[in-house]
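Got the viewer open? Let's walk through this one stop at a time, selecting residues as we go.

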Amino acid sequence: MTLRRTAVLGLLLVMCGTAMAKGPHPAMSGIMAAADDAAVAGSNPAAMTRFDERVMRVEVYAFIPDNTWEGQLGNGTTFRLKEDDSTVIPSGKIVMPFRDNYWFGFTILGSGFSEDFGESWPGRYFVQDYDLLYISAFPSIATKINDQWSVAASLAITYTSYEQNKAVVNVDDAANDGKLNIDTDGFTTGFALSALYEASDRTRYGFSYRSELDPELDGNANFSDLTPATEAILDAAGLLGANVDVTSRSPQSILAGLYHEFDDTSSVSFDAVWADFSEFQLSEIYVNNNQVTQSDIEYDDIWAFSVGYNRPLTDRTRIGFGFMYVDDMVDDDERSMTLRLDSLWSAGVGIEWQWTDRRVVTVNLNYMQLDDAPVTSPSLGQLGTVTGEYSDRGTIWLNAALSFGTR
């Protein structure tokens, strides 16, 4: 369930799920106020009060990148990395009334960062590959204050795992690298507050606040393929069999959206997200309580926007169009080799089909383009620095959903 970097930014507007209401909303438009199926359990739980019976939604995301990163060493050696691994992410949501004026919702979803640089790349002594995974369960309770206002409180229960591999220089056999594997995991909790204001039967406004998550992960450092001399040095330093702690931080965020339906049942939606990305922290690693890596990159806060339009094609079919933009979250001179993020835009088209009176199928096709993300690494000793950028960075991402139940 982990995502590559290209998928991560596409999910900034889906931190809590998506909403495809009264037609498809590609490119993550309509996630806050378009509230006509169980997707609201993740996007805006306050909108669960719009349902009189239990509704469910199962969906899957598929990300298909076609990225090329080109770089060179300080000594002039050039190299080229191709990224084309697909990622598939399932998700499930349910909403149900459980007593007078109270509704319960539940969402489960995953997100993360993952990258494999390969065994021969020059920066392998910093990092060879890593895998940061979040899996969140999201229970919520909602209630109506009056005919216009609904509110909800949610608990985010998140499991996080972090694994990193890197090469280790064997002091008496420089031709053959040793290996270090760091494998940690742990649980953390956060919360969310959301609201829905129904100005009329056709116009709604949605709001949500998400707290930051600060998981503290415990695990072990495992060395392999060491020569006797290297093993003796690491043992004397207390690194063999050491306990490892990893800290990371996911930023708090505020989401707001507008949904309006016209007389012909076509509709428009607009969403905006602010994420406190200046407080983001990928990972800091401590071995036997001594810090060995420090995240000192200065990230910038993120603003993201999406707009969508959909209309009926037939009595049972609707078509939708969407566009999304996410601004840059790190300056070029602050970007790291580990997380080469940049601004992005995405556009898409979607189809919704009313399969039966109680089943709806939605399919969205989107194209996402990220900027080139130029980066310069710290010095690798005699090899010099590694510099590079993306020459091609596009991703196709698909979303398919089956919704059960009606309003």
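Select N67 to begin: does N67 count as buried or exposed? With a relative accessibility of 1%, N67 counts as buried, because the cut-off for that label is under 20%. Keep in mind that you're looking at a predicted model. N67 belongs to strand 1, and its side chain reaches over to the backbone nitrogen of G394, at 3.2 Å.

**Stop 1: strands 1 and 2**

Stay with strand 1 and bring up strand 2 as well. The two pair in the antiparallel sense over six bridges. To find the register, pick W69: its bridge partner in strand 2 is L81. Now show the side chains along strand 2, residues 78-83, and you'll see them alternate. F79, L81 and E83 point to one face and are buried, while T78, R80 and K82 point to the other and are not.

**Stop 2: the nonpolar cores**

Next, select F277, I302, V326 and L344. These are the residues with the most contacts inside the largest nonpolar core, which has 20 residues. Which elements give two or more residues to this core? Color strand 1 (55-73), strand 12 (267-275), strand 15 (302-312), strand 16 (317-326) and strand 18 (359-370), and you have them. Another core, of 16 residues, lies apart from it; W69, L81, L132 and A373 are among its members. As background, nonpolar side chains tend to be buried together in soluble globular proteins.

**Stop 3: strands 16, 17 and 18**

Select strand 17, residues 344-356, and look to either partner. Strand 16 runs antiparallel to strand 17, and 10 bridges join them. One place to click is I319, whose bridge partner in strand 17 is I351. Strand 18 also runs antiparallel to strand 17, joined by 12 bridges. Here, try S346, whose bridge partner in strand 18 is M368. Follow the chain from strand 17 to strand 18 and you trace a hairpin, with two residues between the strands.

**Stop 4: aromatic rings**

Time for the rings. How many aromatic pairs does a search of the whole structure find? The count is 11. Zoom in on F63 and W397, a stacked pair with 5.9 Å from centre to centre and 20 degrees between the planes. F63 sits in strand 1 and W397 in strand 20 (residues 386-404), so this pair ties together parts that are 334 residues apart in sequence. Both F63 and W397 are buried.

Then jump to F191 and Y209. This aromatic pair is tilted, at 5.9 Å centre to centre and 50 degrees between the planes. F191 lies in strand 7 (residues 178-198) and Y209 in strand 8 (residues 203-210), 18 residues apart. F191 counts as partly exposed, at 40% relative accessibility, and Y209 is partly exposed too, with a relative accessible area of 25%.

Two more ring sights before moving on. W149, Y197 and Y205 form one aromatic cluster. Over at Y390, the charged end of R393 sits over the ring, 4.0 Å from its centre.

**Stop 5: salt bridges**

Finally, the charges: the model has nine salt bridges. Start with R50 and E198, where the closest N and O atoms are 2.7 Å apart. R50 is in the loop between helix 2 (40-43) and strand 1, while E198 is in strand 7, 148 residues apart. Both R50 and E198 are buried.

Select R358 and E53 next, whose side chains meet in a salt bridge at 2.7 Å, N to O. Since R358 lies in the loop between strand 17 and strand 18 and E53 in the loop between helix 2 and strand 1, the pair ties together parts that are 305 residues apart in sequence. R358 counts as partly exposed at 42% relative accessibility, and E53 is partly exposed at 30%.

Go back to E198 and add K144, which forms a salt bridge with E198, the closest N and O atoms being 3.7 Å apart. K144 is in strand 5 (residues 129-144) and E198 in strand 7, so parts 54 residues apart in sequence are tied together. K144 is partly exposed, at 23%, whereas E198 counts as buried, at 13% relative accessibility. For the last selection, take D37, R57, E59 and K93: salt bridges that share partners join them into one network.

Notes
Residues numbered from 1 in each chain as written. Predicted model: local features only at pLDDT ≥ 70, side-chain atom pairs only at ≥ 80, totals over all residues. Heavy atoms only, no water. Core = buried A, V, L, I, M, F, W, Y, C linked by side-chain atoms within 4.5 Å. Buried < 20%, exposed > 50% of the residue type's maximum accessible area, 1.4 Å probe, protein only. Helix = DSSP H or I, 4+ residues; strand = E, 2+ residues; numbered from the N terminus. Polar contact = N/O pair within 3.5 Å; in protein donor to acceptor, adjacent residues only side chain to side chain. Pairing = 2+ DSSP bridges. Phe/Tyr/Trp six-rings, centres within 6.5 Å; stacked < 30°, edge-to-face > 60°. Lys NZ or Arg CZ within 6 Å of the ring centre and 35° of its normal. Salt bridge = Lys/Arg side-chain N within 4 Å of Asp/Glu carboxyl O.
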